[in-house]
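Colleague: Could you take a close look at the ligand site for me? Once you have that, I'd also like a quick tour of a few other spots, so that I know what surrounds it in the wider fold.

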Amino acid sequence: MSNNRVQIFDTTLRDGEQVPGCKLNTQQKLIIAERLDILGVDIIEAGFPISSPGDFASVEQISRMVKNAGVCALTRAHQKDIEVAAQSLKYAVRPRIHTGIGTSDSHIIHKFKSNREAIMERAIKAVAYAKTFVEDIEFYAEDAGRTDNEYLARVCEAVIKAGATVLNIPDTTGYCLPEEYGAKIKYLKENVKGIDTVILSTHCHNDLGLATANAIAGITNGARQIECTINGIGERAGNTALEEVVMIMKQHPYLNLDTGINTKMLYSTSQLVQDLMGMRVQANKAVIGENAFAHSSGIHQDGVIKNRETYEIMDPADVGVNESSIVLTARSGRAALAYRAEIVGFDLTKVELDDIYPQFLKFADNKKEVDDDDVVHLMELNHIQKKATA
Ligand code: KIV
Ligand code: ZN
């Protein structure tokens with residue numbers, strides 16, 4: 001695989017599904033997994049099999065169904081977790097066990113009431129044990145974002161020796177700044193023996209709104225896998241949004257990084273996840289939000305009607321949205337009114353437009369958004385004839 005190819009590890013069904021109130025059943029998870037496979041993700045993290053019989057069943061059935069992507073199951077650094085994960089992955093074409101442990105002093109002292117050396121031993125043991133079941137082992141150093149780099153490098157080196165194939169460096173609490181997270185990845189690239197034999201992975205949370213920026217800082221410093229979710233869903237403020245990192249790489253060719261994602265399926269996949277989870281994203285959500293390609297101010301509308309690229313840095317068709325929308329409001333200008341009138345069948349002369357525009361503004365002041373029916377009504381009131389249709 002080319003060194004410019006970034007693997008997309010989708011964790012919508014594991015970390016994403018940890019959103020309160022958005023639990024999916026096995027049938028719904030299978031529908032999403034099937035879509036992710038067609039979308040072109042490299043790895044689907046299907047669940048945490050020891051956590052419940054339902055999660056076990058989901059991982060097992062997804063493993064049977066998915067034919068292209070690898071299927072991954074999460075574990076803690078516990079033997080029983082690893083055994084159950086291995087069993088749930090039995091039918092996967094490309095199984096991966098994702099095991100790990102907290103490495104920050106906060107986790108070591110408060111969560112495990114342990115010390116750095118003992119935690120390192122547990123990490124090594126977990127990876128070595130997982131390796132007895134499958135070849136592909138991803139190790140996560142939970143709270144790596146707040147872990148001392150020198151200790152983190154020693155843990156990484158030790159788990160590579162034990163058989164890890166992918167090293168996940170999670171900013172579990174979403175605390176890092178992009179410079180800091182990028183520097184952490186760079187430090188590991190430069191200070192861990194054997195690092196070039198494994199893939200470094202970013203796993204960023206969005207507590208300070210930096211999950212996407214941190215993931216990008218990670219890959220520009222040498223990581224080659226991004227862990228992300230559709231719509232950026234996940235615990236608390238969520239995870240890195242898949243659609244954002246994929247479109248950043250596509251729209252910035254000088255980064256010279258690519259993915260295997262069919263971007264034209266991003267919008268429909270986002271809608272599918274919203275429908276099944278019963279959770280809508282905000283209208284201004286980057287890339288797939290309802291307003292991501294909507295223009296409502298007169299200056300912007302005039303520009304977009306003349307040339308889309310004046311106010312759009314990506315083509316809506318590239319993410320599966322039919323077209324940019326020109327939304328009529330009291331901030332819209334004559335160009336937008338003429339444009340929408342033409343769409344509903346009225347070719348306005350300059351004189352007609354000048355006549356109607358003040359009426360339109362009055363109307364729009366009383367209504368948040370002027371829709372197509374309103375435009376037709378306005379034309380009829382002014383006795384404008386519809387264009388003859390061919
Ligand atoms: O955020 C995190 O640290 C995680 C790990 C369990 C991979 O989700
Ligand atoms: Zn996480």
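**The ligand site and its wider setting**

Modeller: Let me start away from the site: Gln274 counts as buried, because its relative accessibility is 3% and the cut-off for buried is under 20%. Keep in mind that what you're looking at is a predicted model. Gln274 belongs to helix α10, and its C-alpha is 37 Å from that of Val159, with the two positions 115 residues apart in sequence. Hold on to that pair as a contrast for later.

As for the overall frame, the chain has 390 residues, and 54% of them count as buried. It carries 14 helices and 10 strands. Along the principal axes, the C-alpha atoms fit a box of roughly 80 × 40 × 40 Å.

Now to your site. The space that ligand 1 takes up is the largest pocket. Two elements each put two or more residues into the shell around ligand 1, namely β5 (136-142) and β6 (166-171). The full set of surrounding residues is Arg14, Asp15, His98, Tyr140, Glu142, Asn168, Pro170, Thr172, His203 and His205. If you sort that shell by character, you get 2 nonpolar, 5 polar and 3 charged residues.

Three side chains are worth zooming in on, each pairing a polar atom with a ligand oxygen. Arg14 places a polar side-chain atom 3.0 Å from an oxygen of ligand 1. For Asp15, the distance from a side-chain N or O atom to a ligand 1 oxygen is 3.1 Å. His203 also reaches the ligand, with a polar side-chain atom 3.1 Å from an oxygen of ligand 1. On coverage, ligand 1 would expose 260 Å² if taken alone, and the protein buries 92% of that.

Arg14 has a second link that you might want to click on. Its side chain makes a polar contact with the side chain of Gln18, at 3.0 Å. So if you follow Arg14 in one direction you meet a ligand oxygen, and in another you meet Gln18. Gln18 sits in the loop that runs from β1 (7-10) to α1 (26-39). That residue counts as partly exposed because its relative accessibility is 31%. Gln18 also shows how the fold brings distant stretches of sequence together: its C-alpha is 8.5 Å from that of Ile233, although the two are 215 residues apart along the chain. Set that beside Gln274 and Val159, where 115 residues in sequence go with 37 Å in space.

Next, the loop just ahead of β5, one of the strands that feed the ligand shell. Val134 lies there, between α5 (116-131) and β5. Val134 is buried, because its relative accessible area is 11%. Its C-alpha is 6.8 Å from the C-alpha of Pro95, a residue 39 positions away along the chain.

Another buried spot is Ala85, which is part of helix α3 (residues 79-88). Ala85 counts as buried because its relative accessible area is 0%. From its C-alpha to that of Phe133 is 9.5 Å, and the two residues are 48 apart along the chain.

Last, two backbone oddities to flag before you set anything up. Asn256 has a positive phi of about 60°, even though it isn't a glycine. You'll find Asn256 in the loop linking α9 (242-251) to α10 (266-277), the latter being the helix that holds Gln274. Asn256 is partly exposed because its relative accessible area is 47%. The other oddity is His383, again not a glycine, with a positive phi of about 55°. His383 falls in the segment after α14 (372-381), and it counts as exposed because its relative accessible area is 67%, where the cut-off for exposed is over 50%.

To pull the site back together: ligand 1 takes the space of the largest pocket, and Arg14, Asp15 and His203 are among the residues that put polar side-chain atoms by its oxygens.

Definitions and conventions. Residues are numbered from 1 along each chain as its sequence is written. Chains are lettered from A and ligands numbered from 1 in the order in which they are written. This is a predicted model: local features need pLDDT of at least 70, side-chain atom pairs count only at pLDDT 80 or more; totals for chains, interfaces and linings use all residues. Side-chain values use heavy atoms; hydrogens and water are left out. A residue is near a molecule or strand if one of its heavy atoms lies within 4 Å of it. A polar contact is a pair of N or O atoms within 3.5 Å; within protein, one must be able to donate a hydrogen and the other to accept it, and residues adjacent in sequence count only if both atoms are side-chain atoms. Accessible areas come from the Shrake-Rupley method with a 1.4 Å probe; for residues, only the protein chains shown count as cover. On a 1 Å grid over the protein atoms alone, a cavity is a set of points where a 1.4 Å probe fits but cannot get out, and a pocket is an open set with protein on both sides within 12 Å along at least five of seven lines; lining residues have an atom within 4 Å of a point. A molecule sits in a cavity or pocket if more than half of its atoms lie within 2 Å of its grid points. Helices (H or I, at least four residues) and strands (E, at least two) are DSSP runs, numbered from the N terminus. Ala, Val, Leu, Ile, Met, Phe, Trp, Tyr, Cys and Pro count as nonpolar, Asp, Glu, Lys and Arg as charged, and the others, Gly among them, as polar. Buried means under 20% relative accessible area, exposed over 50%, partly exposed in between (1.4 Å probe, protein chains only).
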